[in-house]
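Reader: I would love a close look at a single part of this structure, with enough of its surroundings to see where that part sits. Could you take me through it at an easy pace?

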Amino acid sequence: MLERLKRWRAARFEARHPFPAAEWHEARARLPLLAAVPDEAAERLGHRAWHFAHAKRLSRHPELDASIDFDVPARLAIAAQGCLLTLGWDEATHREAFAGLHEILIVPDAFHRRVEEMDEFGVMHEYDDERAGETSHQGPVVVAYPDLMASGALDGFNVVIHELAHKLDMANSLDADGFPPLPADMAARDWHRVFTAVWDDLQAHLARGEATPIDDYAASHPGECFAVSCEYFFAAPEALDAAYPELYALLGRYFRLDPLSWRSPPSD
Ligand SMILES: [Zn+2]
């Protein structure tokens with residue numbers, strides 16, 4: 001009965017909002033990350049992105065340049081980058097994963113946030129924290145426009161994947177701690193062991209004054225380690241697999257995807 005209801009709802013949505021195939025084609029043509037997804041999976045991704053774009057609000061900060069326009073392919077592209085995270089999951093799990101996400105807010109630039117922190121001696125420190133995006137348990141996912149424009153290539157940087165990875169992470173806790181809810185067939189101790197090894201390796205590189213194999217922002221917090229790893233998993237899987245093969249394999253089991261196998265560019 002529930003299945004029939006779901007199918008009816010899906011059919012009603014598509015009847016009211018016919019899938020814009022040409023715009024989806026355009027969205028994929030604009031972003032190498034989306035073009036790399038094999039056609040069959042891309043078909044599912046496009047339909048999910050279309051639904052996502054209606055279910056979640058894409059809003060603009062009042063100070064965002066009025067001439068910046070998000071046309072249908074642009075909106076589809078933003079939604080699809082987020083929906084990449086759950087592409088390997090069934091429909092219900094995908095919906096559930098983003099149930100706590102209601103709005104993506106685009107702001108003009110990397111924004112500053114005044115941070116107050118008490119140190120171990122009880123002294124309060126205040127500083128400006130600049131970041132590309134920000135995700136909190138409640139409230140919108142905030143993304144800076146320049147970072148959005150810099151996302152979509154196959155270079156390991158993607159602010160949409162990063163911020164929505166935090167949302168997945170926060171599904172079982174109030175903060176992004178690098179420990180999202182795991183599927184029943186994955187053991188928490190495996191997750192912990194692999195991420196701890198990566199974390200230790202990143203810290204060791206920094207201690208030696210060496211460049212880290214993945215963006216060193218991953219070394220700033222376990223939650224960032226997870227989010228940055230997700231960016232690499234989808235947008236630079238070769239680099240992640242070369243640096244940390246166990247982490248690539250772990251995320252492959254978690255996401256039920258193998259982006260390494262996608263890397264034959266479309267031949268048109
Ligand atoms: Zn982050």
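Which residue just after α12 takes a positive phi?

Author: Happy to. This is a predicted model, so please read everything below as computed from it. The residue you are asking for is R256, just after α12, with a positive phi of about 55°. R256 is worth a pause because most residues other than glycine have a negative phi; that is the general pattern. R256 is not a glycine, and still its phi is positive. R256 lies in the segment that follows α12, a helix spanning 245-255. With a relative accessible area of 43%, R256 is partly exposed, because partly exposed covers values between 20% and 50%.

Now let us step back into the helix itself. In α12, the buried residues are L247, Y248, L250, L251, G252, Y254 and F255. Those buried residues pack against α8, α9, α10 (222-235) and α11 (237-243). A general point helps in reading such a list: an α-helix has 3.6 residues a turn, so residues three or four places apart point the same way.

Take L250 as one of these buried residues. L250 belongs to helix α12, and its relative accessibility is 4%, so L250 counts as buried. Apart from neighbours within four places in sequence, L250 touches M186, D190, W191, V194 and F195. The link to M186 spans a long stretch of chain: L250 and M186 are 64 residues apart in sequence, yet their C-alpha atoms are 9.0 Å apart in space.

W191 gives the view from the other side. W191 is found in helix α9, residues 188-207. At 1% relative accessibility, W191 is buried, because the cut-off for buried is under 20%. Neighbours within four places aside, W191 is in contact with G178, F179, P180, L182, M186, F226, L250, L251 and Y254. Three of the names there, L250, L251 and Y254, also appear among the buried residues of α12. For L251, the C-alpha to C-alpha distance to W191 is 9.1 Å, with their places 60 residues apart in sequence.

Helix α8 is another partner of the buried residues of α12, and that brings us to the metal. The zinc ion is coordinated by H162 (NE2), H166 (NE2), E224 (OE) and E224 (OE), at 2.0 to 2.7 Å. Along the chain, the donors follow the spacing H-x3-H-x57-E. H162 and H166 are four residues apart in helix α8 (residues 159-169), so about one helical turn separates them. H162 is buried, and H166 is buried too. The angles among the four donor atoms run from 52 to 141°, and the site is irregular. That label applies because a tetrahedral site would need all angles to lie between 85 and 135 degrees.

Beyond α8, the loop between α8 and α9 holds A171. A171 has a relative accessible area of 54%, so A171 is exposed. A171 and F98 are 73 residues apart in sequence, with their C-alpha atoms 8.8 Å apart.

For contrast, here is an empty space elsewhere in the chain. The structure holds one cavity of 30 Å³ or more, and the largest cavity has about 90 Å³ of space. Its lining consists of F52, A53, K56, R57, L58, R75, I78, A79 and I104. The elements giving two or more residues to that lining are α4 (39-55), β1 and α5 (72-84). The biggest share comes from α5, with three residues. By type, the lining of the largest cavity divides into six nonpolar, no polar and three charged residues.

One more residue belongs with β1: S59, found in that strand, residues 57-60. S59 has 15% relative accessibility, so S59 counts as buried. Leaving out neighbours within four places, S59 is in contact with E103, I104, L105 and I106. I104 also lines the largest cavity.

Finally, the whole chain puts these parts in context. There are 12 helices and six strands. Of the 268 residues in the chain, 45% are buried. Among contacts between residues at least 6 apart in sequence, 63% join residues at least 24 apart. To return to your part: the buried residues of α12 pack against four helices, α8, α9, α10 and α11, and R256, with its positive phi of about 55°, comes just after α12.

Note on methods:
Residues numbered from 1 in each chain as written. Predicted model: local features only at pLDDT ≥ 70, side-chain atom pairs only at ≥ 80, totals over all residues. Heavy atoms only, no water. Buried < 20%, exposed > 50% of the residue type's maximum accessible area, 1.4 Å probe, protein only. Contact = heavy atoms within 4.5 Å. 1 Å grid on protein atoms, 1.4 Å probe; cavity = no way out; pocket = protein on both sides within 12 Å on 5 of 7 lines; lining within 4 Å. Points joined across faces, edges and corners; volume = space filled by probe spheres on them. Nonpolar A, V, L, I, M, F, W, Y, C, P; charged D, E, K, R; others polar. Donors = N, O, S within 2.8 Å, 3.2 Å for Na, K, Ca; no water. Tetrahedral: all angles 85-135°; square planar, octahedral: opposite > 155°, others 65-115°.
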